[in-house]
Amino acid sequence: MSVFLSDPLILIFIILFIGSFIGQLKFKGLNIGASGVLLVGMIFGHLGYQVPTVVQNLGLSLFIVSVGLQAGPRFFRMLKSSGLIFAIIGLFIVVVASVTTVIVAYLFDLSAPLSIGLMTGALTSTPGLAAAIEATNDPLVSVGYGIAYPFGVIAVVLFVQLLPRILKVDLKADLKRSEKTIKPKGSLQTMPIEVANDLVHKKTIKELQTEVKSPVVISRVIRGNRNFLGRNDTVLLKGDQLVAVGYPSELIQFKDYVGFLAKNGVNIRENLKLHRIVVDSHDLIGKSLRDIHLRENYDVTVTRMERDGYEFSQSPTWRLERGDVLTIVGSKERMEEVRKLFGAKQLSETNVHIFSLSLILLIGILIGKIPIYIPGLGSMTLGVAGGPLFIAIIIGHFGKIGPIKARFFQPSNRVIRDVGMVLFLAGAGTTAGSGIVDVIANQGIGLILGGAIITIVPMLLAFFLARKLFRLSIIHSLGSICGGLTSTPGLGACNQLVDTEDAAIAYAAAYPIALIFVAVSCQILALILS
């Protein structure tokens, strides 16, 4: 058997086979997933077998760049949306976990690699593990991760399941009471307004919106028996009736300036109707409404947009993602053309752009080698993990820069991520396994307690922040905590508490922030604890 295992290719696939099998085994609905590969790799490493370093680094680079491409489109936009509250909670969890890690390291006299590994395991963050190994260049990181990870998974699930019972809260009633905190403007509404202000008479819609600086969208203008779309160059006259779309407070301000509420509503003719269209065309992913020129080319108007359960007023700079839902006003004839525009285009078996992927990795790795000086701590590099992650986030945000295309079909990006992750975990496991027995024998109790503390303290403080400062509901609080701890099993438990998507929305907002800043914090902790 040892003869076969001496062949690196056979060794890799045996580790992947056994590790993935163990990872998919469930105990009361829980499984360890890809971390099974890490644990099996540790066993083989303890027995003296090693996966080549180049395989581990290849897996690391593929995995980390797919994470960056996935997070990029939402990272910067999240900072400008109502998801900012959840993003702050995600960042808060990482900061608290980092501070707790420093305290745990000194309290239990743990080395920097072990301490940072404990933090990535406590936060169940595989990208964090990748960044930690890169920052410390020490296999002990994987040992800390492997010890803290199981408790990190179980603790979050138990916290989510038990907390509502302990607090004895009606989750649906609590969610309804706190809804205004999450959506302070309320839901988007339509308001019929009659133009009565002399200052608005004979002004174009663009001039009016520039003057009042209102995000309200005028979807239609009714003038006598005429019914037409609200375009930027449409001239408004006194007596016109407008169909305005916006948040309640914005609509009221807009109405007070323009005129008054149309008493009998507006007489909308049948030629213009509301249509909801899902963005599915690969060619439009990453483009903005301004790039598409819908009004000019198709004579239709986008009044609102929906993503991940959130509804927004239309914005010309909004970059489209697959699955976005647009509410569009237009005639039936023109809408057929628009549906074809946003509809799915024929895709090849995979649309991974090898030229772009290679260039992103090359630029990222080169950027990762540039030293960054931090006053008082010394210099650091982003490395094979941080460099590609940074470049992938930037390019993923824009979708395309020059010849580089970054908006891969999601299943394709998932394949890159999963293959890269298991190759990386197999290599990290065998490297860590050679010394795992001695480490556990000497510091076992300290490692277990330290990992538990790093998991529990951020959870409790984040819940206090969410409830007391931001006044979030229990569901939103737990969803954002699961996102900050990058715990998908925790989100699954949260979804079982009440039939709503609110937990998933909070998770989706906190997750990319936590994902990125765990990697950054590992670099900083390596300098502080060394």
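Start by selecting Cys522: with a relative accessible area of 0%, Cys522 is buried (buried means under 20% relative accessible area, exposed over 50%, and partly exposed in between, using a 1.4 Å probe and protein chains only). Now pick Cys482, which is also buried, at a relative accessible area of 1%. How many disulfides does the count come to? The count comes to zero, where a disulfide is a pair of cysteine sulfur atoms within 2.5 Å. As background, a disulfide is a covalent bond between the sulfur atoms of two cysteines.

A quick word on what you have open: this is a predicted model, in which local features need pLDDT of at least 70 and side-chain atom pairs count only at pLDDT 80 or more, while totals for chains, interfaces and linings use all residues. Residues are numbered from 1 along each chain as its sequence is written, and side-chain values use heavy atoms, with hydrogens and water left out.

**The whole protein**

Zoom out and switch to cartoon view. You're looking at 22 helices and 13 strands; both are DSSP runs numbered from the N terminus, helices being H or I with at least four residues and strands E with at least two. Of the 530 residues in the protein, 53% are buried. Turn on the surface, and about 24,300 Å² is exposed, with carbon and sulfur atoms supplying 61% of that area (Shrake-Rupley method, 1.4 Å probe; for residues, only the protein chains shown count as cover). Contacts are worth a thought too: among those between residues at least 6 apart in sequence, 79% join residues at least 24 apart, a contact being heavy atoms within 4.5 Å.

**Helix 2 and a nonpolar patch**

Select Phe17, Ile18, Phe21, Ile22 and Leu25. Together they make a nonpolar patch on the surface with about 470 Å² of accessible area. Patches are built from residues with over 30% relative accessible area and no salt bridge, joining like charges within 9 Å and nonpolar side chains (Val, Leu, Ile, Met, Phe, Trp, Tyr) within 5 Å. Phe17 sits in helix 2, residues 8-23, and counts as exposed at 58% relative accessibility.

**Helix 3**

Move along to residues 35-46. Is helix 3 largely enclosed or open? Nine of its 12 residues are buried, so helix 3 is largely enclosed by the rest of the structure. Among the buried ones are Val37, Leu38, Met42 and Phe44. Try a distance check between the end C-alpha atoms: they are 17 Å apart, which agrees with the 16 Å that 12 residues should span (the expected span is 1.5 Å times one less than the number of residues). Just after helix 3, click Gly48 to find a positive phi of about 100 degrees.

**Helix 5**

Next, Ser98 in helix 5, residues 84-107. Ser98 counts as buried at 11% relative accessibility. Which residues does Ser98 contact, leaving aside its neighbours within four places in sequence? They are Met119, Ser521 and Leu525.

**Two loops with positive phi**

Select Asn137, in the loop between helix 7 (126-136) and helix 8 (140-167). Its phi is near 55 degrees, a positive value in a residue other than glycine, and Asn137 is exposed, with a relative accessible area of 70%. Then go to Lys168, in the loop between helix 8 and helix 9 (171-177). Lys168 isn't a glycine either, yet it has a positive phi of about 55 degrees, and it is exposed at a relative accessible area of 74%.

**Strand 1 and the salt bridges**

Now for Val195, in strand 1 (residues 189-195). Val195 is buried, with a relative accessible area of 2%. Add Leu242: the pair are 47 residues apart in sequence but 7.5 Å apart in space, C-alpha to C-alpha. Beyond its neighbours within four places in sequence, the contacts of Val195 include Asp240, Leu242 and Val258.

Stay on Asp240, whose side chain meets that of Arg223 in a salt bridge (2.7 Å, N to O). Asp240 lies in the loop between strand 3 (226-229) and strand 4 (241-246) and Arg223 in strand 2 (residues 217-223), so this pair ties together parts that are 17 residues apart in sequence. Asp240 is buried at 2%, whereas Arg223 is partly exposed at 23%.

The count comes to four salt bridges, each a side-chain nitrogen of Lys or Arg within 4 Å of a carboxyl oxygen of Asp or Glu. Another one joins Glu211 and Lys203, with the closest N and O atoms 2.1 Å apart. For a last stop, select Asp256 and Lys255, where the closest N and O atoms of the salt bridge are 3.1 Å apart; Lys255 is buried, at 19%.
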